[in-house]
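Subject: Structure for you to look at

Hi,

Here's the structure I promised to send over. Have a look at it first, then read on for what turned up.

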Amino acid sequence: MLFKTGPVTTTGVETCAFFDPLDFAATPTIQMFCVPTVYLDRDVMGTDPGQGVTVNSLLLRPKATGQVTLRDANANSLPRVDTQIFGHPDDLARTLAGFRFARRVIAAAPMESMVQQEIFPGADVTSDQAIADHCKRMVKTGYHPVGTCRMGHDEDPLAVLTSDLRVRGVQQLRVVDASMMPNIISGNTNAIVMAVAHRATELILNSLVAVKKDAVYE
Ligand SMILES: Cc1cc2nc3c(=O)[nH]c(=O)nc-3n(C[C@H](O)[C@H](O)[C@H](O)COP(=O)(O)OP(=O)(O)OC[C@H]3O[C@@H](n4cnc5c(N)ncnc54)[C@H](O)[C@@H]3O)c2cc1C
């Protein structure tokens, strides 16, 4: 920061690609992050951070869905969170395809002229089995959990919220956060939460105005 050189001169993820690595369909299934430095998680041994490039692929719409359930009847107990990562075989297949696509990007001009070696997991990791083992060992969350309290139709038994964010069966309670999403979106979640919050303020203000109008008429 003092000399305006080194890793802190980057904003982090400088480039990002949204695509489908299997059939290049119009709907992206992978978000690929490219960071112009080597950054590794604490559980990666024998490799030092340094100059280089890190490419991560994030599965956007996993077919497996996790669960958040109550541990017991005590309101102070922490809930059980089961992420179900790779709980559906297609999720691993697409993750493998994303991994192989990242290698194709690195091997393409002009990147290949700048890259001396693949330091992690290493160029010798090539078989589907070896790459799958690597993915299973290193997989992390993208920090985009949604839908634990989802909005939906009256007929949907798992829909907690009505279309105006009210909790079914409870008076004067709305939920305004990422948990309201019926499905996970193909991208980062923060902007959607802000949009939902904006919409919620309109809904709440409109309902207050309606209440006030009624009061005047009475
Ligand atoms: C490490 C990380 C990186 C991320 N990076 C990105 C990114 O780059 N781009 C992007 O779009 N999204 C990103 N996300 C996801 C994004 O931050 C979330 O989707 C979004 O913040 C969810 O908003 P929310 O309002 O549902 O929950 P939160 O933002 O988690 O807000 C919940 C709030 O409730 C408060 N709270 C909890 N319990 C109580 C209680 N009992 N009483 C009172 N208050 C309570 C918490 O303190 C918190 O302020 C990232 C998330 C993480 C964790």
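To start with the rings: how many aromatic pairs does the count come to? The answer is one aromatic pair. Keep in mind that this is a predicted model.

The two partners are F19 and F101. A pair of aromatic rings is described by the distance of the centres and the angle of the planes. Here the centres are 4.4 Å apart and the planes make an angle of 35°. That pair is called tilted because its angle is neither under 30 degrees, which would be stacked, nor over 60, which would be edge-to-face.

The pair also ties together distant parts of the chain. F19 sits in strand β1 (residues 15-19) and F101 in helix α1 (residues 89-107), with their positions 82 residues apart in the numbering. Are these two buried or exposed? F19 counts as buried because its relative accessibility is 9%, and F101 is buried too, at 18%; the cut-off for buried is under 20%.

Now the ligand. Around it you'll find Y143, H144, D177, A178, N188, T189, N190 and V193. Sorted by class, that shell has three nonpolar, four polar and one charged residues.

Some of these residues come with distances to a ligand oxygen atom:

- T189: 2.6 Å, from a polar side-chain atom
- A178: 2.8 Å, from a backbone N or O atom
- N190: 2.9 Å, again from a backbone N or O atom

As for cover, the ligand taken alone exposes 1,000 Å², and the protein buries 31% of that.

Write back if anything is unclear!

Cheers

Technical notes: Residues numbered from 1 in each chain as written. Predicted model: local features only at pLDDT ≥ 70, side-chain atom pairs only at ≥ 80, totals over all residues. Heavy atoms only, no water. Near = heavy atom within 4 Å. Polar contact = N/O pair within 3.5 Å; in protein donor to acceptor, adjacent residues only side chain to side chain. Areas by Shrake-Rupley, 256 points an atom, 1.4 Å probe, with all protein chains shown as cover. Nonpolar A, V, L, I, M, F, W, Y, C, P; charged D, E, K, R; others polar. Phe/Tyr/Trp six-rings, centres within 6.5 Å; stacked < 30°, edge-to-face > 60°. Helix = DSSP H or I, 4+ residues; strand = E, 2+ residues; numbered from the N terminus. Buried < 20%, exposed > 50% of the residue type's maximum accessible area, 1.4 Å probe, protein only.
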